[in-house]
Amino acid sequence: MHLTRRTFAAVAAAALLLPLSACGSGDDDGGSTDASGKVSGDITFQTWNLRANFKDYFEGVIAGFEKKYPGTHVKWIDQPAEGYADKLSADAGGGTLPDVVNVSPDLLAPLAKAGLALDLDKAAGKYKSEYLQGAWTGHQVPGMSGTYAFPWYLNTGPLFYNKSLFEKAGLNPDQPPKTYDELFADALRMAKQSGGKVATLANVPTVEDFGRYGVPLMNEQGTGFAFNDPKGVRLLTKYKELFDAKALDTQALTATPESSGKKFLTEAVAMNPGSALDLGNFKKNAPNLYKNIGITDQITSTGHVNMYVMGVMVNSRTKHTPAAVAFAHYVTDAENQMSFAKKVAIFPSTAGSLDDPYFTKEDGTDETRVRIAAAKSLKNAVNYTPVLFSEQMKTALRNEVARALQGKESPKTALDNAVKACDRLLQQQG
């Protein structure tokens, strides 16, 4: 898929409702969980919209693997981004799921619940120390023991802010907000100073925002959501205050990441999340903004920024478990991840890779500055979006947040209703 921060985890998992015939893990046609045997045999490897831009890279990785393990053959399949969840569902139900599959955590969860994802803690636990802890745990499923995919590439990004707009509001352009209290105070001041013409933020809070604020998102058993606690209500109440003061953009209720980006580009909004890829866009399409661009860290109350993580899953029913596990590990090992990260603005999930000079050595460019800052923050970043949080749940939360901001419900009632709706959808996932 397109490797930008904004589209990194955008494909819906809600459609991945596996037929009952795919459920359960005790079928006698299942593969072996023992990955210690000889690495040999023919396996299939499926990626997610990567062939168009990275054909040579993946063909090189496959050739390297087949050379390292004579007697293996990897057939590479690439699926388009659109309909990927449906394709996985159909393959899972029809028994045609490839041996090694590119997944995001939300697409992984139903496959793991159906017994179709190999538990790597059991089959490949010796490799765990090779990966960042937050990336490895990103492929665990609440309510289940085990880890169900190798971590692959990561992404995160800073907050960009418009120094000129900060200065016009009487704020120090070299001291952007570092805490939520500072953010809310600065936003209210900017709205007041501009007569409501300049908002600081363009998006309503999402589940990852609640996570960054320190709100517990699920109970410990993974059986229900918990973001309607007092801290969650406090965050939504603050956003309601911003919305009323026009410190939150008036179109935030219907905003998309793309429309929010355009608002920032036209200098109607003072802050917006992004990645190093955005800097080139600013330079080309908004030179005045680029001249006044400020770069700061994501705001978080937990000390951990949010990250997006992709994974590589092994089909538990593969007939060649040693080869499938070896290949999934090979694709995601430090050398191959580092090579991939230098071709596109993503980050490796392997331990130690982020200490490479590519991620630590300044060269005076803003692009490198963003890359270095992001790499540093990723070392202890977490994926706040719960693995079990489907697209339908995101919609339910967004709808209730909108009702609260419009004054149709209190923040407490809105979050209570959102939790009820998400819990109901969670039970339907089964």
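This briefing looks at one histidine, the strand that follows its loop, and a pocket. Keep in mind that the structure is a predicted model. Histidine 139 sits in the loop between α5 (133-137) and β4 (150-155), and β4 in turn pairs with strand β8 (residues 308-314).

**Histidine 139**
- With 0% relative accessibility, histidine 139 falls under the 20% cut-off, so it counts as buried.
- Its side chain comes to 3.4 Å from the backbone oxygen of alanine 135.
- Setting aside neighbours within four places in sequence, histidine 139 has contacts that include Pro105, Leu108, Thr147 and Tyr148.
- Phe150 and Pro151 are also among the contacts of histidine 139, and so are Val309, Met310 and Gly311.

**Strand β4 and its partner**
- β4 is largely enclosed by the rest of the structure, because six of its six residues are buried.
- The pairing between β4 and β8 is antiparallel and runs over four bridges.
- If you want one bridge to look for, try leucine 154, whose partner in β8 is valine 309.
- Valine 309 turns up twice here: it bridges to leucine 154, and it touches histidine 139.

**The second largest pocket**
- This pocket holds about 630 Å³ of space.
- Its lining is made up of 20 residues.
- Thr137, Pro142, Asn383, Tyr384 and Pro386 are the lining residues nearest the pocket's centre.
- Sorted by class, the lining has nine nonpolar residues, 10 polar ones and one charged one.

Terms used: Residues are numbered from 1 along each chain as its sequence is written. This is a predicted model: local features need pLDDT of at least 70, side-chain atom pairs count only at pLDDT 80 or more; totals for chains, interfaces and linings use all residues. Side-chain values use heavy atoms; hydrogens and water are left out. On a 1 Å grid over the protein atoms alone, a cavity is a set of points where a 1.4 Å probe fits but cannot get out, and a pocket is an open set with protein on both sides within 12 Å along at least five of seven lines; lining residues have an atom within 4 Å of a point. Grid points are joined across faces, edges and corners, and a volume is the space filled by probe spheres set on the points. Ala, Val, Leu, Ile, Met, Phe, Trp, Tyr, Cys and Pro count as nonpolar, Asp, Glu, Lys and Arg as charged, and the others, Gly among them, as polar. Helices (H or I, at least four residues) and strands (E, at least two) are DSSP runs, numbered from the N terminus. Buried means under 20% relative accessible area, exposed over 50%, partly exposed in between (1.4 Å probe, protein chains only). A polar contact is a pair of N or O atoms within 3.5 Å; within protein, one must be able to donate a hydrogen and the other to accept it, and residues adjacent in sequence count only if both atoms are side-chain atoms. Contact means heavy atoms within 4.5 Å. Two strands pair if DSSP finds at least two bridges between them.
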